[in-house]
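Please walk through the structure below, moving from its sheet to a helix packed on that sheet and then to a pocket.

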Amino acid sequence: MRKLKASEQYIICGGQSTDTYPDITLPDITVIAPEPDPGDFPDGPSPTDPDGGNGEPEHEPNPLCVNPSRNVDHAFISTSEGQQRLNGYWPGGASSGVTVATGIDLGGRTEQSMANFGWPVDLISQLLPYTGRTGQEANNFLSANPLTVSQANADLMDSSVLSNVMSQVATNFDNAATFANFDQLPSGTQTAIVDLAYQYGTNLAVATPNFWVQITTGNWQAALNNLNNFGDAYHERRAREATLLQNDINTHRMPSDADPC
């Protein structure tokens, strides 16, 4: 900075010009701004803390949570069930009944349950004699009374049954889980759960209690280990379900109790 002459200083102070005063150098002055008072910014983050009040970045929303959808792979389940069949068959086993379309077992059906699916009266009349029969009785009856349904009726049966299974599984999941809704799970995980329910029934809390607890608490690694070591007679089917879940774990941020939606 330039030195002020004494005369300049004197003039600044209101005096007459003079050269009789020695020149002096004014010191540098540093102005320190006060720290901002948080109370000055009541409706948002302060200028020194743009990310929020705790100085940490805001939690990035999970895309699965933001854009929920029901996305079950119907073709996967059809493959699990041996594809759609228009001719009735008996898959074997004491608890199995005559089966048709995509794995639809008639052994446990009733006239009312079929009507609840919205099936037409003529289809119900055709299927009714096969209901209530399981095991060898079902096989013997089918041998004496072959069953064939039309393509349109098979499609109707498949659509209504799968829709019902998905709806019940989703409702049960939503009632049990607190971290996410069923529709906030990735597609592969939805499909794996519904595929299991299509075979074991929609009340997985009773049919597969350990697996149910694992998925409704978001313990996905434990659920994966369970599928890989399920211990039933359908290892290949469980392995396919496990592959779906593993792929989702690898590629998605899976909702859980620790990271809820």
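Strands β1 (85-89) and β2 (residues 99-101) pair in the antiparallel sense over 2 bridges, where pairing requires at least two bridges found by DSSP, and strands (E, at least two residues) and helices (H or I, at least four) are DSSP runs numbered from the N terminus. Within this pairing, A101 of β2 is the bridge partner of R85. The model is predicted, with pLDDT of at least 70 needed for local features and 80 or more for side-chain atom pairs, while totals for chains, interfaces and linings use all residues. Residues are numbered from 1 along each chain as its sequence is written, and side-chain values use heavy atoms, leaving out hydrogens and water.

The open sheet has 3 strands, in the order β1-β2-β3 with antiparallel pairing, and its edge strands, β1 and β3 (104-105), each pair on one side only.

Helix α7 (residues 151-176) packs on this sheet and touches β1, β2 and β3, a contact being heavy atoms within 4.5 Å. Helix α7 also packs against α10 (residues 209-216) at an angle of about 65°, their axes 10 Å apart; axes are lines fitted to C-alpha atoms, for helices over the stretch in contact, and angles run from 0 to 180 degrees between N-to-C directions. Here V169, N172, F173 and A176 of α7 meet W212, I215 and T216 of α10.

Elements of the sheet reappear at the largest pocket, since β1, β3 and α7 are among the elements that each supply at least two residues of its lining. This pocket (an open set of points on a 1 Å grid over the protein atoms alone, where a 1.4 Å probe fits, with protein on both sides within 12 Å along at least five of seven lines; lining residues have an atom within 4 Å of a point) is lined by 35 residues, of which E81, G103, Y198, Q199 and R237 lie nearest its centre.
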